Amino acid sequence: MSSPDALADGARPGEPGHGESGAHPLDNPVRSSLTGPHAHFAERRGRILRYPPDVTPWVALPDDVEGPDWDDVAALAGPGGSVTIAAFREPPPADWQVVFHAEGVQLVDGTVAAAPDPEAVLLGPDDVPEMLELVERTRPGPFTKRTIELGTYLGIRRSGELVAMAGERLNPTGWTEISGVCTDESVRGQGLAGRLVLAVAHGIRERGDIPFLHAAASNTNAVRLYESLGFELRRRTAFLSALVPLHPVPAVLREDGPRTAARR
């Protein structure tokens with residue numbers, strides 16, 4: 001899934017370098033996470049890895065996707081199941097329904113002035129119902145009932161109500177993604193999102209990782225905010241969600257390649 005839109009061929013000084021495959025860990029960040037620090041979350045079939053859907057919906061494909069790999073994606077998700085993929089531009093099989101496709105950007109810590117925030121509070125399992133309500137109102141991206149297990153989440157409360165949050169999601173070796181950044185409409189314009197991003201970045205740096213994040217390319221306000229905080233564009237990417245057909249056509253009957261015995 002390495003893309004010609006990558007803006008960096010190698011790690012910068014002080015960054016975690018390439019893996020054994022020669023690819024940068026952020027080129028396929030979901031797979032790098034599930035074969036690295038998040039391996040304990042991984043569900044596998046063939047060459048396909050995914051998180052449990054109630055943790056996060058991301059599915060990891062290999063860099064050299066073949067037709068039979070889609071059979072394994074379908075088997076993991078089940079008939080009619082939803083599949084969400086990052087850093088991927090090729091279409092799924094023709095009988096799959098694409099429900100979401102968006103261009104995105106990947107930004108990495110350049111000159112981020114990371115710092116703790118005195119108003120930020122650590123969020124835990126008891127806060128998940130409120131977090132889900134905030135996500136429902138603000139739509140920052142995938143966040144489900146067990147997403148909090150992926151890392152630290154911080155929030156800001158006003159009059160006891162959770163009005164802003166940010167936390168950690170993907171975790172390729174040496175890197176941690178900042179995600180779930182959202183602010184209730186009633187407090188927008190007060191800089192809460194930026195403060196929480198800096199606070200989460202501080203915790204990531206404290207344990208020796210480098211912060212990075214993703215955003216929809218069309219969300220220019222968010223991209224502008226992240227760049228103002230010191231994040232730098234590393235590469236352009238894409239996000240895809242699709243539905244497995246109720247009766248998927250196996251690769252042996254499709255034009256994208258037969259299954260071989262060596263794959264199992």
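Select Gly167 first, then Ser179 in β9: the two residues stand opposite each other. Before moving on, note that this is a predicted model, where local features need pLDDT of at least 70 and side-chain atom pairs count only at pLDDT 80 or more, while totals for chains, interfaces and linings use all residues. Residues are numbered from 1 along each chain as its sequence is written, and side-chain values use heavy atoms, with hydrogens and water left out.

**The sheet**

Now colour β8 (161-168) and β9 (residues 175-183), which run antiparallel and are joined by four bridges. Strands here are DSSP runs of E with at least two residues, helices are runs of H or I with at least four residues, and both are numbered from the N terminus. Two strands pair if DSSP finds at least two bridges between them. Strands of a sheet pair through backbone hydrogen bonds, either parallel or antiparallel.

Zoom out and show every strand. Eleven strands make an open sheet with mixed pairing, in the order β1-β2-β3-β4-β11-β5-β10-β9-β8-β7-β6. β1 and β6 stand at the edges with a single partner strand each, so one side of each has no neighbour in the sheet. Add the helices, and the protein chain shows five helices and eleven strands.

**Leu49 and its surroundings**

Go to strand β2 (residues 48-50) and pick Leu49. Leu49 counts as buried at 1% relative accessibility; buried means under 20% relative accessible area, exposed over 50%, and partly exposed in between (1.4 Å probe, protein chains only). Leaving aside neighbours within four places in sequence, Leu49 is in contact with Arg31, Leu34, Thr35, Ala42, Glu43, Arg44, Val59 and Ala60. Contact means heavy atoms within 4.5 Å. Add Leu61 to the selection as well: its C-alpha atom is 6.9 Å from that of Leu49, and the two residues are twelve apart along the chain.

For the wider picture, buried residues make up 52% of the 264 residues in the protein chain. Among contacts between residues at least 6 apart in sequence, 73% join residues at least 24 apart.

**Salt bridges**

Next, turn on the charged side chains. How many salt bridges does the rule give? The count comes to 20, a salt bridge being a side-chain nitrogen of Lys or Arg within 4 Å of a carboxyl oxygen of Asp or Glu.

Select Asp72 and Arg45, whose side chains meet in a salt bridge (3.3 Å, N to O). Asp72 is in helix α2 (residues 67-77) and Arg45 in strand β1 (residues 43-45), so the pair ties together parts that are 27 residues apart in sequence. Is each partner buried or exposed? Asp72 is buried, at a relative accessible area of 0%, whereas Arg45 is partly exposed at 35%.

Move to Arg195 and Glu119, a salt bridge with its closest N and O atoms 2.8 Å apart. This pair links distant parts of the chain, 76 residues apart: Arg195 sits in helix α4 (residues 192-206), and Glu119 in the loop between β5 (97-109) and β6 (121-122). Arg195 is partly exposed at 26% relative accessible area, and Glu119 is partly exposed at 28%. Add Asp117 and Arg158, and you have one network of four residues with Arg195 and Glu119, joined by salt bridges that share partners.

Then find Arg169 and Glu177, where the closest N and O atoms of the salt bridge are 2.9 Å apart. Arg169 and Glu177 are both buried.

**Two loop residues**

Which residue in the loop between α3 (128-138) and β7 (153-158) should you pick? Take Arg139, which has a positive phi of about 55 degrees although it is not a glycine. Arg139 is exposed at 60% relative accessibility.

Then jump to Ser159, in the loop between β7 and β8. Ser159 also isn't a glycine, and its phi is positive at about 55 degrees. Its relative accessible area is 86%, which makes Ser159 exposed.

**Last stop: the cavity**

Select Trp70, Asp71, Ala74, Asp95, Trp96, Pro248, Val249 and Arg254, the lining of the largest cavity. The structure holds one cavity of 30 Å³ or more, and about 30 Å³ of space lies in the largest cavity. On a 1 Å grid over the protein atoms alone, a cavity is a set of points where a 1.4 Å probe fits but cannot get out, and lining residues have an atom within 4 Å of a point. Grid points are joined across faces, edges and corners, and the volume is the space filled by probe spheres set on the points.

Colour the lining by class to see five nonpolar, no polar and three charged residues. Ala, Val, Leu, Ile, Met, Phe, Trp, Tyr, Cys and Pro count as nonpolar, Asp, Glu, Lys and Arg as charged, and the others, Gly among them, as polar.

Methods:
On a 1 Å grid over the protein atoms alone, a cavity is a set of points where a 1.4 Å probe fits but cannot get out, and a pocket is an open set with protein on both sides within 12 Å along at least five of seven lines; lining residues have an atom within 4 Å of a point.
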